[in-house]
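Me: I would like a close look at a single part of this protein. Please keep the account plain and connected.

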Amino acid sequence: MKPVGRAMAQFGMLRDGDRVLLGLSGGKDSLALLVILKHLQRHAPIKFELAACTIDPEIPGFDPSPLKEWVAKLGVPYFYEAEDLVALANQHMKGDSFCSFCARQKRGKLYTVCRREGYNVLALAQHLDDLAESFIMSAFNAGQLRTMKAHYLNDDGDIRIIRPLVRVRENQTRDFAKAANLPVIPDNCPACYAKPQARAETKALLLEQEKKNKHLYANLWTAMQPLIADDNHAGLAHLTAEDSVDDAATEEKIG
C-alpha cells in the first residue's frame, strides 16, 4: 500500500469522480492491484468508481473464467470479454509476433469496454521490474532511452492510463498474492513459451546484477524518472507512439 500510495500522489493518478477500469488478467500483479484499489476506494479521501475487465483470448489451456466468482464476491462490477485471438491473428497478422499482435488486440478491447461502459481511466498492473526491463531492452535493442509511463493520456485523448504499481517490486506482488491466497490463473500460452523471450533474459540479467548491488532497482528508478513522468496525463502533451516500448510480455498484466 505504501509504494502504491506514493506513486499515486507523485503522478496524480486519481481524481475525484474518476471511473476506473482495471485490466484483470488473473495474474498475481493484476489480482493484487484489484485488492489494493478496492481498499483505496474505501479509504481514500477522493471518491472514484472501480470495475475490472478480463480479456479471454480463448487459447487452449488458459481459462480465466474462475475469476468471475471471485470478483463478484468483492462487489466489483466485472466485464468478461472473449475473442479467439489465434484465429484473428491468422487472418490479420502480418510481419509481427503473435504476442505483440495479441497485446495490441487486448489493449484495444480494454479501450472499447472503457468507452462502452463510460470509464475514463484504465489501470494496468505493470510494476517496477517491468519498467526496468523495458528500459534496458529499449537501450540495448533499440538504442533509445524509453520505458512505460506511470500516467498518460491515450492517443484519442479520451482515456487516461495509470500504472499504480510502478514503485512496487515483482517479489512484493508475488508474496502478497500467496499470503492473501489470491486465485492466480497460470499463464500457459504456448505462443509465449515456445521459445526463450528477450524479456525473460533481461529479467534474469537484472536479478543477477541485483545480487551484486542491492541498490540496483532504486538506482534504476531514479535514472528512469524523466521517462516515467510525463505531462501528457494533464493533456499538455501527446505521445507520438502510444506506449511504444510495451512489448508483448508486458501485456500479460492487462489480459
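Which charged end sits over the ring of Tyr119, and how many Å from its centre?

Reply: The charged end is that of Arg19, which sits over the Tyr119 ring at 4.1 Å from the ring centre. This is a predicted model, and every value here is computed from it.

Tyr119 itself lies in the loop between α5 (98-117) and β4 (121-123). With a relative accessibility of 6%, Tyr119 counts as buried, because the cut-off for that class is under 20%.

The ring of Tyr119 also has an aromatic partner. Its centre is 6.1 Å from that of the Phe79 ring and the two planes stand at 70°, so the pair is edge-to-face. The two residues are 40 apart in the chain, and Phe79 belongs to strand β3. Phe79 is buried as well, at a relative accessible area of 15%.

Strand β3 leads on to the sheet. Six strands make up an open sheet with mixed pairing, in the order β3-β2-β1-β4-β6-β5. Its edge strands are β3 (78-82) and β5 (151-153), each of which pairs on one side only. On average, neighbouring strands in this sheet are turned by 25° against each other, with direction ignored. Strand β3 runs parallel to β2 (residues 49-56), and five bridges join the two. One residue of β3, Ala82, is the bridge partner of Asp56. A second charge-over-ring arrangement involves Tyr80: Lys68 lies over the face of that ring, 4.2 Å from the ring centre.

Elsewhere in the sheet, strand β6 (residues 160-162) contains Arg160. Arg160 counts as buried because its relative accessibility is 6%. The C-alpha atoms of Arg160 and Ala123 are 8.5 Å apart, although 37 residues separate the two in sequence. The Arg160 side chain also reaches the backbone oxygen of Met13, at 2.8 Å.

To set the Phe79 and Tyr119 pair in context, the whole structure holds three aromatic pairs. Another of them joins Phe11 and Trp221, with ring centres 6.4 Å apart and planes at 85°, so this pair is edge-to-face too. Phe11 is in helix α1 (residues 2-11) and Trp221 in helix α9 (residues 216-223), so the pair links parts of the chain 210 residues apart. Phe11 and Trp221 are both buried.

To return to the starting point, Tyr119 is a buried residue whose ring has the charged end of Arg19 over it and forms an edge-to-face pair with Phe79.

Conventions:
Residues numbered from 1 in each chain as written. Predicted model: local features only at pLDDT ≥ 70, side-chain atom pairs only at ≥ 80, totals over all residues. Heavy atoms only, no water. Pairing = 2+ DSSP bridges. Helix = DSSP H or I, 4+ residues; strand = E, 2+ residues; numbered from the N terminus. Axes fitted to C-alpha atoms, helices over the stretch in contact; angles between N-to-C directions. Buried < 20%, exposed > 50% of the residue type's maximum accessible area, 1.4 Å probe, protein only. Polar contact = N/O pair within 3.5 Å; in protein donor to acceptor, adjacent residues only side chain to side chain. Phe/Tyr/Trp six-rings, centres within 6.5 Å; stacked < 30°, edge-to-face > 60°. Lys NZ or Arg CZ within 6 Å of the ring centre and 35° of its normal.
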